[in-house]
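Biologist: I have a fold on my screen and a list of questions. Can we go through them one by one?

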Amino acid sequence: MPGEARTLAVDRDPQRIEAMFGGIAARYDLMNRLMTGGRDGHWRRIAAREAAPAPGDRVLDACCGTGDLSLTLAEECSGCDVVGLDFTEPMLERAREKAAARQRRGLLAPTFVRGDLLDLPFADGEFAAVTVGWGVRNVSDIPRAFAEMHRVTRPGGRVVCLESTQAPYGAGLYFHRVWMGHVVPLLGRVVTGDGTAYAYLPASVEAFPRAEGLAAIMAAAGLTRVRYRRFGFGAVAIHVGEVRADVAPGSTR
Ligand SMILES: C[S@@+](CC[C@H](N)C(=O)[O-])C[C@H]1O[C@@H](n2cnc3c(N)ncnc32)[C@H](O)[C@@H]1O
């Protein structure tokens, strides 16, 4: 039945995830454009605006991959200090190439570091905002990912999550099922030569909490005023949560 919660065996072992993204890094950006009909950049821009950083702020983009959301943050806030973090070195290499191109144009560019979202190498409250784009679906412990993002965000700051999600019942759901279940794996095989990475994508979306469930996980991590908006026939969601302004950095209560 469409939308029915199904438990799929999705292997989120970190070493497997890292190897998978390492293998598709060279074609990752092209696949994003093809899969989303070029809309991914628009959704990243909305996510970057939701983070609402101000010049001088330090912003973390976790699971930055090839750096597109980090770069969008830098474009949206020209005076911000943007840090992108990911654990897959070939993805980071692409991100650093883009940052170097931006620097050659005389613009402030993000810094890219290798690290694990589940054990962020940053101090409590170090960032004004944290974003994560299409990242939390791949981690082995989603509550811990949000606890870590909450911890490193300063009181009053925002955590923004851009992610694929199950479309609600209706035409969007059927379209999404066909697109993700059949077209995307085929495209992935042709474009990247990897049949498994883009078969994992729809399976991981199905196994991922629904948008309401993700909002509940964010609230349980201590974030407040959690809300979300859907895009792309309902198959993409941007969740925003805030760190309470009246707590000490890193505190969840
Ligand atoms: C689908 S890509 C998203 C990249 C980018 N945010 C974007 O908007 O296109 C997911 C990325 O998350 C990274 N990742 C997955 N689990 C991670 C973890 N625990 N810590 C750091 N990076 C992780 C992968 O290496 C991969 O680069």
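The exchange below covers the ligand shell, two helix pairs and some single residues.

Biologist: What kind of model is this, and how are residues numbered?

Modeller: Residues are numbered from 1 along each chain as its sequence is written. The model is predicted: local features need pLDDT of at least 70, side-chain atom pairs count only at pLDDT 80 or more, and totals for chains, interfaces and linings use all residues.

Biologist: Which element gives the largest share of the shell around the ligand?

Modeller: The shell holds 21 residues, the closest being C63, G65, T88, L117 and G133. A residue is in the shell if its C-beta atom, placed from the backbone, lies within 6 Å of the ligand. Two elements give two or more residues, α1 (14–36) and α3 (68–76); helices (H or I, at least four residues) and strands (E, at least two) are DSSP runs, numbered from the N terminus. The largest share, four residues, comes from α1.

Biologist: How many residues of the shell around the ligand are nonpolar?

Modeller: Ala, Val, Leu, Ile, Met, Phe, Trp, Tyr, Cys and Pro count as nonpolar, Asp, Glu, Lys and Arg as charged, and the others, Gly among them, as polar. The shell has four charged and five polar residues. The nonpolar ones number 12.

Biologist: Is C63, among the closest to the ligand, buried or exposed?

Modeller: C63 sits in the loop between β1 and α3, and its phi is positive, near 55°, though it is not glycine. A residue is buried if 20 or more other C-beta atoms, placed from the backbone, lie within 10 Å of its own, exposed if 12 or fewer, and partly exposed in between. C63 has 25 such neighbours, so it counts as buried.

Biologist: Where is F233, and how does its burial class come out?

Modeller: F233 also has a positive phi, about 60°, without being a glycine. Its place is the loop between β6 (224–231) and β7 (236–242). With 16 other C-beta atoms within 10 Å, F233 is partly exposed.

Biologist: How are α2 and α3 oriented to each other?

Modeller: Helix α2 (residues 40–51) packs on α3 at about 55°, axes 9 Å apart. Axes are lines fitted to C-alpha atoms, for helices over the stretch in contact, and angles run from 0 to 180 degrees between N-to-C directions. Angles under 35 degrees count as roughly parallel, over 145 as roughly antiparallel, 65 to 115 as roughly perpendicular and the rest as oblique. The pair is therefore oblique.

Biologist: Which residues of α3 meet α2?

Modeller: Contact means C-beta atoms, placed from the backbone, within 7 Å. From α2 come R44, R45, A47, A48, R49 and A51. By class, the contact has five nonpolar, one polar and five charged residues. The α3 side is D68, L69, T72, L73 and E76.

Biologist: How many residues of α3 are buried?

Modeller: The buried ones are D68, L69, S70, L71, T72, L73 and A74. They pack against α2, β1 (58–62), β2 (81–86), α4 (89–104) and β4 (127–133). The helix is largely enclosed by the rest of the structure, because the buried count is seven of nine.

Biologist: How do α1 and α4 lie to each other?

Modeller: Their axes are 7 Å apart, at an angle of about 25°. F21, G22, A25 and Y28 in α1 meet P90, M91 and R94 in α4. That angle makes the pair roughly parallel.

Biologist: Which residues does L85 contact, beyond four places in sequence?

Modeller: L85 lies in strand β2. It counts as buried, because it has 24 C-beta neighbours inside 10 Å. Its contacts are L60, A62, C64, V113 and G115.

Methods:
Two residues are in contact if their C-beta atoms, placed from the backbone, lie within 7 Å.
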